[in-house]
Amino acid sequence: MRLEQRDKLLFIGDSITDCERSPDGEGLFGALGKGYVSVVDGLLQSAYPELGIRVVNKGTSGNTVRDLDARWQTDVLDQKPDWLSIMIGTNDVWRQFDLPYKTESHVYLDEYKAKLEELVVRTKEGVKGIVLMTPFYLEPNKSDAMRATMDLYGEAVRTIAAKHGTLFVDTQAEFDRILEHIYPATIAWDRVHPSMVGHVALARAFLKAVGFDR
């Protein structure tokens with residue numbers, strides 16, 4: 001596995017990462033939230049207790065890549081993680097569809113690509129590794145307008161990961177496999193915020209990328 005002794009693993013993103021975390025994003029009483037970050041932490045601690053990996057959750061509900069940029073110094077760089085996982089883009093796309101006339105809240109593809117790549121460049125020399133996870137939309141119809149747009153943002157993540165040599169997690173592909181058998185609303189009533197089934201799927205995809213083999 002790529003994670004090593006006493007590594008600090010920091011997750012950052014939007015509400016899918018946040019999942020009711022504590023303000024510090026670590027500690028007792030469910031501080032990591034109720035989502036995939038907590039699942040990852042539980043599996044790492046139970047399977048690799050000897051490594052003592054420290055997991056921190058810095059997801060914030062409603063965030064876009066603009067918001068990540070605004071808090072990057074305090075919530076990432078000042079935290080000095082060894083490994084960083086970024087999953088952002090859902091709200092960048094969603095606001096274009098649920099608030100179509102509030103254009104100032106839209107983060108279009110060119111800006112999304114530029115800001116995400118800038119964050120990777122600012123960070124990659126100071127960490128052991130970065131994991132880039134795509135945004136996703138739990139809609140199997142690829143011609144659906146929001147699904148098609150989300151796929152473009154996912155491809156942007158793939159391109160940035162390849163360019164900068166980061167690990168890459170195609171969360172949409174992981175969900176598409178599940179959606180061949182399960183109706184989307186069973187996993188997420190709004191096709192965005194997944195049930196525990198979806199969070200376990202995200203955790204499995206992340207752990208596979210970092211070489212979890214127990």
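This briefing covers the sheet, its first strand, the helices across it and the largest pocket. The model is predicted. Its five-stranded sheet is open, and the strands pair in parallel. Strand S1 is mostly covered, with six of its six residues buried. The largest pocket has a volume of about 170 Å³.

**Sheet layout**

- The strand order is S2-S1-S3-S4-S5.
- Strand S2 (54-57) and strand S5 (167-169) are the edge strands. Each has a single partner strand, so one side of each is left without a neighbour in the sheet.
- From one strand to the next, the twist averages 15°.
- Strands of a sheet pair through backbone hydrogen bonds, and the pairing can be parallel or antiparallel.

**Strand S1 and its partners**

- S1 spans residues 8-13 and is joined to S2 by four bridges. The two strands run parallel.
- On the S2 side, Lys8 has Arg54 as its bridge partner. Leu10 is partnered there by Val56.
- Five bridges link S1 to S3, and this pair also runs parallel.
- In S3, Leu84 is the bridge partner of Leu10. Leu10 thus has a bridge partner in S2, Val56, and another in S3, Leu84.

**Side chains of S1**

- Lys8, Leu10 and Ile12 point one way from S1.
- Leu9, Phe11 and Gly13 point the other way.
- Residues of both groups are buried. The charged residue Lys8 is among those buried.

**Helices across the sheet**

- Helix H2 (residues 36-47) lies across four strands: S1, S2, strand S3 (83-87) and strand S4 (129-133). H2 runs at about 165° to S1.
- Helix H5 (residues 109-123) lies across S3 and S4. Its angle to S4 is about 165°.
- S3 and S4 therefore appear under both helices: H2 lies across them along with S1 and S2, and H5 lies across S3 and S4.

**Largest pocket**

- The lining residues are Val169, Asp170, Glu174, Arg204, Ala205 and Lys208.
- Helix H9 (residues 196-209) gives the most to this lining, with three residues.
- By class, the lining has four charged residues, two nonpolar and no polar.
- Val169 and Ala205 are in the lining, and Val and Ala count as nonpolar. Asp170, Glu174, Arg204 and Lys208 also line the pocket, and their residue types count as charged.

Note on methods
Residues numbered from 1 in each chain as written. Predicted model: local features only at pLDDT ≥ 70, side-chain atom pairs only at ≥ 80, totals over all residues. Heavy atoms only, no water. Pairing = 2+ DSSP bridges. Axes fitted to C-alpha atoms, helices over the stretch in contact; angles between N-to-C directions. Contact = heavy atoms within 4.5 Å. Buried < 20%, exposed > 50% of the residue type's maximum accessible area, 1.4 Å probe, protein only. 1 Å grid on protein atoms, 1.4 Å probe; cavity = no way out; pocket = protein on both sides within 12 Å on 5 of 7 lines; lining within 4 Å. Points joined across faces, edges and corners; volume = space filled by probe spheres on them.
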